[in-house]
Amino acid sequence: TLQSGKVYHQLVTKFPVRTPDGEITGIGTIGADLSALRKAEENLQAMEARLRDILRIAPEVIISTDSVGTILMFNDAAENTFGYAADEMVGQPLDVLLPDHVRNMHGRHLTAFVEGSDSARLMGGRGAISGRRRDGSIFPADASISKLHSGGETILTVTMHDITDRQQAEADLRAAVVAAER
């Protein structure tokens with residue numbers, strides 16, 4: 001700490017100063033100011049905290065996995081939608097969240113997406129997709145998947161939301177139209 005009270009971060013390396021005969025005659029010091037590095041670390045930590053908060057409050061389910069579908073991140077909306085806590089799901093296969101009848105097919109689609117050239121894709125192009133809650137109930141969903149290559153790894157991120165209410169409202173509207181036509 002400087003006299004002004006400002007904290008000063010410095011890396012100091014000390015070494016012996018020797019005569020040509022090898023006798024130590026003193027100690028040398030080399031110092032490097034680490035203030036900029038410390039500030040960069042603080043900024044990174046603040047940015048990471050903001051990102052965690054954004055993911056926490058996002059209304060959409062956001063789940064990140066590695067290239068084989070092992071869950072790496074599970075946000076609050078995912079907890080609320082699926083009924084699992086994030087700490088239960090991190091490290092688990094994504095298949096836990098899928099109905100039994102689509103698990104084998106999902107693995108093939110995941111592999112094709114990871115190996116393909118697309119960086120993002122809407123899911124359900126061949127029909128509605130479904131999720132499976134902790135209690136075993138199945139729900140319809142809209143979802144998309146994106147792929148990011150970072151540090152030699154492939155990270156997949158699924159965003160989705162439960163469309164049960166929307167599908168019910170659409171069915172109610174169709175029923176009302178039919179009733180009105182009668």
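R133 and D162 pair up through their side chains in a salt bridge, with N and O 2.6 Å apart. That contact links distant parts of the chain, since R133 sits in the loop between β6 and β7 while D162 belongs to strand β8 (residues 153-162), 29 residues apart. Keep in mind that this is a predicted model. Salt bridges come to six here, and the points below go through others of them, then a pocket, a surface patch and a couple of long distances.

**Salt bridges**

- On the R133 and D162 pair, D162 has 29% relative accessibility, so it counts as partly exposed.
- Another side-chain pair is R134 with E88, where N and O are 2.8 Å apart. R134 lies in the loop between β6 (129-132) and β7 (138-150) and E88 in helix α3 (residues 86-89), so this salt bridge ties together parts that are 46 residues apart in sequence.
- How accessible are the two partners? R134 is partly exposed at 43% relative accessibility, and E88 is partly exposed at 32%.
- The loop between β6 and β7 therefore turns up in two of these contacts, through R134 and through R133.
- R121 and D118 also form a salt bridge, and their closest N and O atoms are 3.2 Å apart. R121 comes out as partly exposed at 34% relative accessibility, and D118 is partly exposed too, with a relative accessible area of 35%.
- Beyond the pairs there's a network: salt bridges link D142, R166 and E170.

**The second largest pocket**

- The second largest pocket holds about 170 Å³ of space.
- Its lining is made up of E48, L51, R52, L55, R56, M73 and D76.
- Helix α1 (residues 35-57) gives the largest share of that lining, with five residues.
- Sorted by class, the lining of this pocket has four charged residues, three nonpolar ones and no polar ones.

**A nonpolar patch on the surface**

- F15, V17 and I30 make a nonpolar surface patch of about 240 Å².
- One of the three, V17, is part of strand β1 (residues 10-18).
- V17 has 33% relative accessibility, so it counts as partly exposed. Patch residues need over 30% relative accessible area, and V17 meets that with its 33%.

**Long distances across the model**

- R182 is placed in the segment after α5 (164-181), and R182 is exposed, with a relative accessible area of 80%.
- From R182 to M89 the C-alpha atoms are separated by 50 Å, and the two residues are 93 residues apart along the chain.
- G107 belongs to helix α4 (residues 103-115). At 28% relative accessibility, G107 is partly exposed.
- The C-alpha atoms of G107 and N43 are separated by 39 Å, with their positions 64 residues apart along the chain.

How values were computed
Residues numbered from 1 in each chain as written. Predicted model: local features only at pLDDT ≥ 70, side-chain atom pairs only at ≥ 80, totals over all residues. Heavy atoms only, no water. Patch = residues over 30% accessible without salt bridge, like charges linked within 9 Å, V, L, I, M, F, W, Y side chains within 5 Å. Areas by Shrake-Rupley, 256 points an atom, 1.4 Å probe, with all protein chains shown as cover. Salt bridge = Lys/Arg side-chain N within 4 Å of Asp/Glu carboxyl O. Helix = DSSP H or I, 4+ residues; strand = E, 2+ residues; numbered from the N terminus. Buried < 20%, exposed > 50% of the residue type's maximum accessible area, 1.4 Å probe, protein only. 1 Å grid on protein atoms, 1.4 Å probe; cavity = no way out; pocket = protein on both sides within 12 Å on 5 of 7 lines; lining within 4 Å. Points joined across faces, edges and corners; volume = space filled by probe spheres on them. Nonpolar A, V, L, I, M, F, W, Y, C, P; charged D, E, K, R; others polar.
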